[in-house]
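Biologist: I'd like to walk through this one with you, going from strands to helices. Can you take my questions as they come?

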Amino acid sequence: MELQEKFELLKKNLSALDSLCIAFSGGVDSTFLLKAAFDVLGDKVLAITARSSTYPEREYKEAVEFTAKYGIPHEVILSEELDVDGFSDNPVNRCYLCKNELFDKISDIAKTKGISYIAEGSNIDDLGDYRPGLTAVSEHKVLSPLRQAELTKEEIRILSKEMGLPTWNKPAFACLSSRFPYGQKITREKLAMVDKAEQFLLDHGFRQVRVRHHGDIGRIEVGQPEMEKFLNLELMKEVQEYFKSLGFSYTALDLKGYRTGSMNETL
């Protein structure tokens, strides 16, 4: 299918729904889906954003600003994954535990408000990686309109740009829990370390950033085009000293650079 055909199919599928809750993180995919749904369904759409220690404050603020700008109904809930049994042990199905709890809460809201459907923003590219969260999507009968229309990440960015969405070139984001090797205990303190470390790099002009937590080692991933920035002794010293102040004894730069799901490489 051509891109415009996919977009028309998406809108057609959305128009068949009488009311819809959308799990809205403020990322590229969920923002595009929310705006497309709002254009079709108006105030029969409700965006739901979950706040937790795995969700950076900057992402939450952007989600709130976006819905306020367009007048989209928006509800914020607390969904603390660390309180979910087994989640903090960081098993390989961690994302399933998270999504299962999230969709339980969104389902309760949908029932209370008489909303017929729930949707999430995974795209067709997400089928190419290990995504246990998609099992929870299936079990809760949550719709995946972007996958149904066979839209890729790049196509979503193209359409987002055409629609004037600020997220069209936003770097990919995943919850902070994805920064830990499977089996390593996740705590609020460690999540805060990662969040502050990544914010420090973002404040220094890096766009696509991950700081992976390997005990006393902080492993930095940045996009390949940005790796040359680290060839600066003053910057390296500044980063190392800040990371040490957070609790990392050692700081390392991953020479392979940023890639999605790098923690799945050991599975």
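Biologist: In the hairpin of β5 and β6, which residue takes a positive phi?

Modeller: Bear in mind that this is a predicted model. β5 covers residues 209-214 and β6 covers residues 217-222, with two residues between the strands of the hairpin. The positive phi there is near 70 degrees, and the residue that takes it is Gly 215.

Biologist: How many bridges hold β5 and β6 together, and in which sense do they pair?

Modeller: One pair to look at is Val 211, whose bridge partner in β6 is Ile 220. The two strands run antiparallel, and the number of bridges is six.

Biologist: What about β6 and β7: which residue in β7 is the bridge partner of Ile 220?

Modeller: β7 spans residues 250-253 and runs parallel to β6, joined to it by four bridges. Arg 219 has Ala 252 as its bridge partner in β7. For Ile 220, the partner in β7 is Leu 253.

Biologist: Which handedness does the unit made by β6, α9 and β7 have?

Modeller: The two strands in it are parallel, and the helix in the unit, α9, takes in residues 233-246. Together they make a β-α-β unit that is right-handed.

Biologist: How many residues of β6 are buried?

Modeller: β6 is one of the elements that cover the buried residues of α9, and it has bridges to β5 and to β7. The strand itself is mostly covered: of its six residues, the number buried is five.

Biologist: Why do the buried residues of α9 line one face of the helix?

Modeller: The buried ones are Leu 235, Val 239, Phe 243 and Leu 246. An α-helix has 3.6 residues a turn, so residues three or four places apart point the same way. Seen down the axis of α9, the buried residues line one face because they fall within an arc of 60 degrees.

Biologist: And which residues are exposed on the other side of α9?

Modeller: The buried side is covered by elements including α8, β5, β6 and β7. On the other side, the exposed residues are Leu 233, Glu 234, Lys 237, Lys 244 and Ser 245.

Biologist: Arg 212 sits in a strand; is it buried or exposed?

Modeller: Arg 212 is found in β5. Its C-alpha is separated by 9.8 Å from that of Ala 197, which is 15 residues away along the chain. The cut-off for burial is under 20% relative accessible area. Arg 212 has 2%, so it counts as buried.

Biologist: Which residue does UniProt list for "active site", and what is its relative accessible area?

Modeller: The UniProt entry, an unreviewed one, lists Cys 175. That cysteine is found in the loop between α7 and α8. Cys 175 is partly exposed, with a relative accessible area of 25%.

Biologist: Over to α2: how many of its residues are buried?

Modeller: α2 runs over residues 28-41 and reaches 20 Å from its first C-alpha to its last, close to the expected 20 Å. Just after α2, Gly 42 takes a positive phi of about 60 degrees. The buried residues include Phe 32, Leu 33, Lys 35 and Leu 41. Of the 14 residues in the helix, the number buried is twelve.

Technical notes:
Residues numbered from 1 in each chain as written. Predicted model: local features only at pLDDT ≥ 70, side-chain atom pairs only at ≥ 80, totals over all residues. Heavy atoms only, no water. Buried < 20%, exposed > 50% of the residue type's maximum accessible area, 1.4 Å probe, protein only. Pairing = 2+ DSSP bridges. Right-handed = clockwise from strand over helix to strand, strands pointing away. UniProt positions renumbered as here; feature names shortened; annotations may be inferred. Arc of directions from axis to C-beta. Contact = heavy atoms within 4.5 Å. Expected span 1.5 Å × (residues − 1).
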